[in-house]
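Visitor: Could you take me closely through the enclosed empty space inside this protein, with attention to what surrounds it?

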Amino acid sequence: MNSPKLLHNSEQFKVQLDDALQWFKSRNWEMFQFQKDCLEAYVKGKNGLLNAPTGMGKTFALAIPFLLELKSKNPRKGLKMIWITPLRALANDISKAIADAAEDLGLDIRVEQRTGDIGASRKKAQLTHPPDILITTPESIHLILATKSYQNFYKHLQLLVIDEWHELIGNKRGVQVELALSRLKSISGQLRVWGISATIGNLDEAAEVLLGDLDKKDAVIVKSDRKKKLQIKTLLPAKIDEYPWAGHLGIRLLSKTLPVIKENKSTLLFTNTRSQAEIWYHRLIEAYPDLAGQIALHHGSLDKKIREWVENALHEGKLKAVVCTSSLDLGVDFRPVSAVIQIGSPKGIARFVQRAGRSGHSPYETSKVYFLPTNSLEIIEASALQSAIEKAYVESRTPVIRAFDVLVQYMITLAVSDGFHPEELWAEVKRTHSFSSLSKEEWNWLLAFVYKGGDTLQAYEEFNRIENEDGIYKVKDRRIAMRHRLSMGTIVSETAMHVKMLSGRKLGTIEEYFISRLKIGDVFAYAGETYELVRVKGFSAYVQASNAKKAIIPSWMGGRISLSSEISEVLRSELDTIYSGESRNREAKKLEPLLKLQDDASLIPSAHQFLIEQYEDDEGYHLFFYPFEGRMVHEGMALLIAYRLSQLKQMTISMAMNDYGFELLSDLNFPLMDALEEDLFRTEGLLEDIGKSSNMSEMASRKFREIAAIAGLTFKGYPGKQQKERHLQSSSALFFEVFRDYDPHNLLLQQAYEEVLYNQLEASRIRTALERISNQSIELIQLHKPSPFSFPIMVDRLRDRMSNERIVERVKRMLNS
């Protein structure tokens, strides 16, 4: 028998379901089952995680239940719901959608945004007169926690929604969310927590991380039973033997994009880097001048006004195409967009599906996505992606744990506002997933570090940041408080310079290191135009428009994205399937001549084989290994294998790698057979060998720059007076050396080494790869000239060392040898 409470909830659900159905009907929409499930769970007071495809109405699945609850009550004034989004660009759409729904339901409430794009006066007013619903970011939540009497702002909070949780859980912004939640739950006893996520491989774990210590019987996962219709097509070269084996731009297939752009209302062309986006935009305009004014460029370094203009023009259907990066990856609803072109490997299944979902952004439309390979081998990835999507195979997101730099920042954030009691905060932090393993000894170290700088920094006044006032830890120095507020956040980028016209109009930002390489008078491409550098003053680069036909393309630091472990697995399987003849799709047929060349020159490895190629030329002795695990894993494997070979024979070895394999090069012949006899791919002593194989101290020192910035050890400077990048690097390097030499148990120092080992070198994936290789047959092939598999790796290495002209000469020699 139902309890009176459940009976009451049941009746309430029926009433609210009728109201919800009526609202959906007024929009000429169907209310899907997952939206009804969310409503029922919400009425019953549940916390949860909603999982549904892009463009299916996830926002309304949680917004409507909350709005209907408000309608049934006489709500008190104050903030009642927070909607956290990882991207500022999403805030506009979400805010408008919720505000429109509230108006439809006859609710007189305020829906406002609080992001980096909102002015200081508006933010100040929000603190004293909070809106009913606030759309914001993880960083803004913490900035409010750094204000006095923040508890009054949050005390009436009833619902916290974390949108795009799959984008946050795998990085330090997810840890920010966990920590903020731990404090908000202690402020508002009535708080309910819901997450929204696209499909990920570890959905249950994602829910556990988000909901933390909330009672599991009050937690649910709601999954949509509706599948988004997805149409995938690969843009293939006319002749595979005329398409390059190496490269990452794909410009040779530019002509294939024009029919797609013409036949669709609006098309998004996704690139993986901002440099690639700039190049593609300019090449499209050069090839098709008629498109001028109908296509635009969008990436994170462009000024806010430029980005907003592009987004509004997309909304209004004024643009035929936009060349963009991940800046338009997530949830923004551009209804006119009916097709997406992915230029080059997306490096992940989920990223490809997410980008595809930018088109046909409606439950009733088909998402159309075109894959444009930038080199011949990427055609294999096109086939692998389709196989993965057919099997509903998708990546897991590994939650970040023990991010001590984020915790240090959070502790100072609370100390800057009303202060914190160490024992109470310890209990809150321990209930998060990220710090559930935190020991009391580690907590005491963290307290000492934020209090007086620990053992090594206590003599320096600027690190005596906190005072103990009757058991409450507080920051009383206004200068320390201001510096902290200016430094908050976990996204650490290179020092940015403002790009401005001589009139002072802002175009956007660019990294300091790029401008430092230019001379006055140099012309570079930016924001879809060409500009001449006129002068550099402070952190501003002043430019004027240029008609020059040749321009330098800006490059941004950050490296290349690596293949996910899931797509690596599917890629190996697909390669085996294609060559065995089991796959007869368009991609497989197009690849036949290339794979025949590889098979004639070397071997196509089956699922049971591991290929190693040997080659000798005037450069020396080459070894090529093909784990197909992605660039980052191959970096660690190359260091490891090179180290183990050098233990058998003293030699100097250089390395190169791409997503499919890696190369070792030496002027001495490698003792490969001896190494294989001694179990070259053993996992025994793996971590020790990785540590010895690489300059771990140097790598950890570079990683420590980010940790030092997040933990507040380094300060980029006040607005308009930032420190130079080299000064920040030298400061963080000095801290690293002091901790390494005098405080080896420093938790931030240990974190730097662990992040290198597991995030950069991906030790866990290396172990898995070695275990797989140990069970495969080693196939050693002697090459007479570079194979289709080895050639791209060699070209990547040459590109780093030679000019374009010398590379062309060198490549011709290799192919004709």
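Guide: What follows is a walk through the cavities, with one buried residue at the end. The model is a predicted one, and in it the count comes to 2 cavities of 30 Å³ or more. The largest cavity has a volume of about 190 Å³, and 15 residues line it, among which Arg465, Ile480, Arg483, His484 and Gly712 lie nearest its centre. Three helices each supply at least two residues of this lining, namely helix 16 (404–416), helix 20 (478–487) and helix 27 (696–710), and the largest share, 5 residues, comes from helix 20. In its chemical character the lining of the largest cavity is mixed, since its residues divide into 6 nonpolar, 5 polar and 4 charged.

The second largest cavity, for its part, has a volume of about 30 Å³, and the residues that line it are Leu377, Ile380, Leu571, Leu575, Phe628 and Tyr660. By class, this second lining has 6 nonpolar residues, with no polar and no charged ones.

Turning from the cavities to a single side chain, Gln598 is found in helix 23, which covers residues 586–601. Gln598 has a relative accessible area of 0%, and because the cut-off for a buried residue is under 20%, Gln598 counts as buried. When its neighbours within four places in sequence are left aside, Gln598 is in contact with Leu603, Ile604, Leu611 and Glu613, as well as with Ser787, Pro788 and Phe789.

Definitions and conventions:
Residues are numbered from 1 along each chain as its sequence is written. This is a predicted model: local features need pLDDT of at least 70, side-chain atom pairs count only at pLDDT 80 or more; totals for chains, interfaces and linings use all residues. Side-chain values use heavy atoms; hydrogens and water are left out. On a 1 Å grid over the protein atoms alone, a cavity is a set of points where a 1.4 Å probe fits but cannot get out, and a pocket is an open set with protein on both sides within 12 Å along at least five of seven lines; lining residues have an atom within 4 Å of a point. Grid points are joined across faces, edges and corners, and a volume is the space filled by probe spheres set on the points. Helices (H or I, at least four residues) and strands (E, at least two) are DSSP runs, numbered from the N terminus. Ala, Val, Leu, Ile, Met, Phe, Trp, Tyr, Cys and Pro count as nonpolar, Asp, Glu, Lys and Arg as charged, and the others, Gly among them, as polar. Buried means under 20% relative accessible area, exposed over 50%, partly exposed in between (1.4 Å probe, protein chains only). Contact means heavy atoms within 4.5 Å.
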